[in-house]
Structure formats: C-alpha cells, structure tokens
Amino acid sequence: VQLQASGGGLVQPGRSLRLSCVASGSIFSINVMGWYRQAPGKQRELVAHIASVGVTYYADSVKGRFAIGRDNAKNTVHLQMNSLKPEDTAVYYCNLNQRSRSYWGQGTLVTVSS
C-alpha cells in the first residue's frame, strides 16, 4: 500500500487549504483513512479520520474548522482546513488502517504564517 499526499503550503492565518491523499495497492473495502500532524518538537497527533462507512472523528482542536471526506471508488481522502491558525503549522501525514495494519504517506508541510 502506498499513500501519496499533496496540497500543503504556506497560508496566512484565517485562510483555507485542502489536503488530498491517494492510496494505491491492496486496498480493502473496510478501512479507516485519516490525517495526523506533527509540529516541531511535538508528538504526532491525530487530526481527523473517516471510516469507509463514513463515520468521522475530529480532534477537539480542529472541530468546526476542518472537514474530512473520502471517495471510496478512488481511494482518496481529503482534509479541508478552514480558519487556519498558526498553531496548525505542522507536517501532515496521510494514514490508512486496514486489517490491523497501518500505512503512512510521506507527509506534507502546512505553514500558517503572516
């Protein structure tokens, strides 16, 4: 399984950014795809995830600002990030969990700064 993330960049506070991730390889119909992030000097944390049946989870810090969605037919997951704050600055990693195995993308840097 390979995960390819895209969409990171530099954005001003209050603006929006959309991350995308495409999974390829042996993808099973039942899985959970999501996004984690790791800020400098901090541990990697879960931002949001979405199950193949559509159930979602959001970290408290992003509730109401971020929205996760997926296209099962294309094995893609998106993260729409609105009202971005400087504390959202981090490397964002795409993740896929299936059959007790976890797969990671290469990470994409999001920098929120004026």
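Which residue in β10 is the bridge partner of Asn 97? In the predicted model considered here, that partner is Ser 102. The pairing belongs to a wider ladder, as β9 and strand β10 (residues 101–104) are joined in the antiparallel sense over four bridges. Two residues lie between the strands of this hairpin, in which Arg 99 adopts a positive phi near 45°. Arg 101 is located in strand β10 and, with a relative accessibility of 53%, counts as exposed. The C-alpha atoms of Arg 101 and Asn 31 are separated by 9.9 Å in space, although the two residues are 70 apart in sequence.

The overall fold was examined next. Eleven strands and zero helices were assigned to the protein chain, so that the order of elements from the N terminus on reads β-β-β-β-β-β-β-β-β-β-β. The radius of gyration is 13 Å, close to the 13 Å that the globule rule gives for 114 residues, and the protein chain is therefore as compact as a globular protein of that length. The C-alpha trace spans about 40 × 25 × 20 Å along its principal axes. Of the 114 residues in the protein chain, 40% are buried. The exposed surface of the protein chain amounts to about 6,200 Å², of which carbon and sulfur atoms supply 49%. With regard to contacts between residues at least 6 apart in sequence, 52% join residues at least 24 apart.

In soluble globular proteins, nonpolar side chains tend to be buried together. In the present model, the largest nonpolar core comprises 30 residues, and those with the most contacts inside it are Trp 35, Leu 79, Met 81 and Tyr 92. Two or more residues are given to this core by each of β1 (2–6), β3 (17–24), β4 (32–38), β5 (45–51), β7 (66–71), β8 (76–81), β9 (90–98) and β11 (108–112). The surroundings of Leu 79 were resolved residue by residue. When residues up to four places away in sequence are not counted, Leu 79 touches Leu 17, Arg 18, Leu 19, Trp 35, Val 47, Ala 48, Phe 66, Ala 67, Ile 68 and Tyr 92. Trp 35 and Tyr 92 thus appear among the contacts of Leu 79 and also among the core residues with the most contacts inside the core.

The side chains of β1 alternate along the strand. Leu 3 and Ala 5 point to one face and are buried, whereas Gln 2, Gln 4 and Ser 6 point to the other face and are not buried. Strand β1 runs antiparallel to β3, to which five bridges join it. Within this pairing, Ala 5 stands opposite Cys 21 in β3.

Cys 21 also takes part in a covalent link. A disulfide is a covalent bond between the sulfur atoms of two cysteines. A search of the whole structure finds one such link, formed by Cys 21 and Cys 94, whose sulfur atoms lie 2.0 Å apart. The pair connects distant parts of the chain, with Cys 21 in strand β3 and Cys 94 in strand β9, 73 residues apart. The link of Cys 21 and Cys 94 is left-handed, with -85° about the S-S bond. Cys 21 has a relative accessible area of 0% and is therefore buried. Cys 94 likewise counts as buried because its relative accessible area is 0%.

Terms used:
Residues numbered from 1 in each chain as written. Predicted model: local features only at pLDDT ≥ 70, side-chain atom pairs only at ≥ 80, totals over all residues. Heavy atoms only, no water. Core = buried A, V, L, I, M, F, W, Y, C linked by side-chain atoms within 4.5 Å. Buried < 20%, exposed > 50% of the residue type's maximum accessible area, 1.4 Å probe, protein only. Contact = heavy atoms within 4.5 Å. Pairing = 2+ DSSP bridges. Rg over C-alpha atoms; globule rule 2.2 N^0.38 Å. Areas by Shrake-Rupley, 256 points an atom, 1.4 Å probe, with all protein chains shown as cover. Disulfide = S-S within 2.5 Å.
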